[in-house]
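Let's take a walk through some charged side chains and see who pairs up with whom. Have the model open and follow along.

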Amino acid sequence: MSPARQRIAAIDVGSNTVLLTVAEYDPEVGLVVIEEAEDQPRLGAGLSATGRLSEEATLRALASLTRMRDTCRRHGVERLEAVATAAVREAANGTDFVARARNLGIPLRILAPEIEAALSYKSAAHHFPDRRRTLVADIGGGSVEVVGAAGGRVRLSRSLPLGAVRLTERHFPLDELQDRIRQELTRALPDEWRGSAVVGSGGTFTTLAGIASARRRAATGPVHGVVVETSEVRQLLPWLAAMDRLQRRQVPGLRPERADIIVAGLAVALQLLETVDAGGVTVSGFGLRDGLLLEMAGVA
């Protein structure tokens, strides 16, 4: 490792997944990913009903964090940032979870919604440096973060309780689910954002890109930069909703562990696109962790 390089890592503790990226930052070449890891302990399971993180989900998430801590040590990480989002932020025992993570040597902190949104936007702006009016959406397990920017400046930031796990647990029929999402988004997004370009990050959007690519019979490869038209999402949603979970697990491009929450996630994606009258979404393969790493590296 050259003296100029620093090995850094970011952990994102979400309502559905716990994600790790280990990278090196070199001023000349930027971020170079060394290793990535993902677990799905579904920390937010049951939170909507109880207001608390269950002990079972907590133990699953702490086991994930222990493995990721060991990965960081194995790679000689010099700086580690770990952030928790909607599930830990909202849970009555969220601070207890943070303390238990810190006892493992994970410097976990709870991320405010506006900071979470800003980091997702930082990543999108880095990979898609478009100065048009753009909405960046990150659909998580507990919430969706939406940032609007024009001319390279952030002008809108919203955090909405429309996460894929949260909505799935409420067991709404599809029509009612779409109506509720539509109402929430209509209240949150002023008319001035109609016609904006849309960039989507997070597991719902990357899964959407995988399914759409498979249906087009496109070569399997990275989903970053894939454009999915609104009309495609409009066709996919009822098609997937008509299947049971076992059938969805067989759908090409759909990761089996997302089979139960993909319908709720795509319902949010579709209503977002329709609310702002967007022709489609450009999918980012990067997101919160990438924004956090860029911030750690001092990249503007």
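Start in helix α7, which covers residues 174-188. E184 and R187 both sit in this helix, three residues apart, or about one turn. (Helices are DSSP runs of H or I with at least four residues, strands are runs of E with at least two, and both are numbered from the N terminus.) The two form a salt bridge, with their closest N and O atoms 3.5 Å apart. That label fits when a side-chain nitrogen of Lys or Arg is within 4 Å of a carboxyl oxygen of Asp or Glu.

Quick word on what you're looking at: this is a predicted model, where local features need pLDDT of at least 70, side-chain atom pairs count only at pLDDT 80 or more, and totals for chains, interfaces and linings use all residues. Residues are numbered from 1 along each chain as its sequence is written, and side-chain values use heavy atoms, leaving out hydrogens and water.

Are E184 and R187 buried or exposed? E184 is partly exposed at 22% relative accessible area, while R187 is exposed at 62%. (Buried means under 20%, exposed over 50%, and partly exposed in between, using a 1.4 Å probe and protein chains only.)

Now for a pair that links distant parts of the chain. R67 forms a salt bridge with D39, with the closest N and O atoms 2.7 Å apart. R67 belongs to helix α2 (residues 55-74) and D39 to strand β3 (residues 30-39), 28 residues apart. R67 is partly exposed, at 46%.

Last stop: R255 and E257 form a salt bridge at 2.8 Å between the closest N and O atoms. Salt bridges with shared partners join these two and E38 into one network. Across the whole structure, a search finds 19 salt bridges.
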